[in-house]
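Student: I'm new to this structure and would like a close look at just one part of it. Could you pick a charged spot, stay with it for a while, and then work outward from there?

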Amino acid sequence: MGQTFILVRRYAETIWNKKIKVAMLIGFPVLAAIVITLVINEDKMFSQFYETKTGLFMMAAAAIFVGLCNANTEVCKERNIVKREYMTNLNLSSYIASKLIVQGAICFVQTLILMLIYQSTFEFPEDGLIFSSGSTDIFMSLLLLMFSSTTMGLFLSSAVKTNDTANTITPYLLIFQIIFSGCLFDLEGAMDTVGSVMVSKWGMNALGTAADLNSLPGGLKTYDAYDYESGHLFAMWLILILFAAAFSIGSILILRRVSKDTRD
């Protein structure tokens, strides 16, 4: 526990001292939210099926992109340090935990920024399924989607050895998340199986449920994925949490091999 606290403080100070990094962490969600509010018809958002689904998809894509970029190089850029400290007394669980704590706080602030800009333009649903307001349910859905995407970036950063490799793979991860979100087209058979291992699918399901998409006019059919029930929304949140846990554990397991890394 003591090592985790030390690593959290060190990591937080490292980020805070890099003003360009802080500006990017704030600037990305601001820019993404502004673009979305300019593109989506504010009068039809949360009142018409197609526009709402499109808007939620763009929100989800922005959350995934921001989350991935938050952590896709956070471990590989420290690989030599991790290797050296692991050979002495570094606890890898504490190391990853420190990343999760700091990145979790960053995700919270970024999601709050996104929601404040969205709420300045769109009229969110008044009633919520889990919380008292629909905006809070959507906030939690976005937060969990962004955090699970951040842990996916952390896993990628643990698996590769260089920033260049991580930055090369990241766009492909984003493309797969977008394609298999289940929003652009209905997923069936093998494609639905692939979609089930994408955080985008469950994040989009959570957003569609919180927004009660099935009740909005303009939809051609009713989607089970957007079933407006508190248990269904909670299940989507739980799945996103499980993804975050799986990526975090995977990062620790991969880093245990760092002592065998022959790179200097």
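Tutor: Let's start with Glu 78, which counts as buried because its relative accessible area is 18%, and buried means under 20%. Keep in mind that this is a predicted model. Glu 78 sits in the loop between H3 and helix H4 (79-86). Setting aside residues up to four places away in sequence, Glu 78 touches Tyr 95 and Lys 99.

So what does Glu 78 do with Lys 99? Their side chains meet in a salt bridge, 3.0 Å from N to O. Glu 78 is in the loop between H3 and H4 while Lys 99 is in helix H5, so this pair ties together parts that are 21 residues apart in sequence. Opposite charges on side chains can pair when the charged atoms come close. Here both partners, Glu 78 and Lys 99, are buried.

Now look at it from the other end. Lys 99 has a relative accessible area of 2%, so it is buried. Leaving out neighbours within four places in sequence, Lys 99 is in contact with Tyr 11, Glu 74, Glu 78 and Leu 154. Glu 74 in that list is our way onward.

Glu 74 is buried as well, because its relative accessible area is 1%. Glu 74 forms a salt bridge with Lys 21, and the closest N and O atoms are 3.5 Å apart. That pair joins distant parts of the chain: Lys 21 belongs to helix H2 and Glu 74 to the loop between H3 and H4, 53 residues apart. Lys 77 comes in too, since Lys 21, Glu 74 and Lys 77 are linked in a network of salt bridges. Across the whole structure, a search finds 5 salt bridges. One of them joins the side chains of Glu 51 and Lys 44, at 3.9 Å from N to O. Lys 44 is partly exposed, because its relative accessible area is 36%.

The loop holding Glu 78 follows H3, so let's step back into that helix. H3 covers residues 49-71; its 23 residues should span 33 Å at 1.5 Å a residue, and the C-alpha atoms at its ends are 34 Å apart, which agrees. H3 is mostly covered, with 18 of its 23 residues buried.

What surrounds a helix like that? Nonpolar side chains tend to be buried together in soluble globular proteins. In this model the largest nonpolar core has 50 residues, and those with the most contacts inside it are Leu 56, Tyr 118 and Phe 122. Two or more residues each come from H2, H3, helix H5 (92-119), helix H6 (134-159), H9 and H10. H3 gives the largest share, 10 residues. There is also a second, separate core of 11 residues, which includes Leu 7, Leu 90, Ile 96 and Leu 255.

Stay with Leu 56 for a moment. Neighbours within four places in sequence aside, Leu 56 is in contact with Met 45, Phe 46, Met 204, Leu 207, Gly 208, Ala 211 and Leu 213. Phe 46 deserves a second glance. It lies in the loop between helix H2 (19-39) and H3, and with 11% relative accessibility it counts as buried. Its phi is near 70°, a positive value in a residue other than glycine. Asp 212 shares that feature, with phi near 55°. Asp 212 is in the loop between helix H9 (199-210) and H10, and its relative accessible area of 19% makes it buried.

Finally, let's come out to the surface. Which residues make the nonpolar patch there? They are Ile 130, Phe 131, Phe 234, Leu 238, Ile 241 and Leu 242, and the patch is about 540 Å². Leu 238 from this group is found in helix H10 (residues 230-255), and at 41% relative accessibility Leu 238 counts as partly exposed. For a plainly exposed residue, try Ser 120, in the loop between H5 and H6; its 60% relative accessibility puts it in that class. From Ser 120 to Thr 14 is 33 Å in space, C-alpha to C-alpha, with their positions 106 residues apart in sequence.

Conventions:
Residues are numbered from 1 along each chain as its sequence is written. This is a predicted model: local features need pLDDT of at least 70, side-chain atom pairs count only at pLDDT 80 or more; totals for chains, interfaces and linings use all residues. Side-chain values use heavy atoms; hydrogens and water are left out. Patches are made of residues with over 30% relative accessible area and no salt bridge: like charges are joined within 9 Å, nonpolar side chains (Val, Leu, Ile, Met, Phe, Trp, Tyr) within 5 Å. Accessible areas come from the Shrake-Rupley method with a 1.4 Å probe; for residues, only the protein chains shown count as cover. A salt bridge is a side-chain nitrogen of Lys or Arg within 4 Å of a carboxyl oxygen of Asp or Glu. Helices (H or I, at least four residues) and strands (E, at least two) are DSSP runs, numbered from the N terminus. Buried means under 20% relative accessible area, exposed over 50%, partly exposed in between (1.4 Å probe, protein chains only). The expected span of a helix is 1.5 Å times one less than its number of residues. A nonpolar core is a set of buried Ala, Val, Leu, Ile, Met, Phe, Trp, Tyr and Cys residues joined through side-chain atoms within 4.5 Å. Contact means heavy atoms within 4.5 Å.
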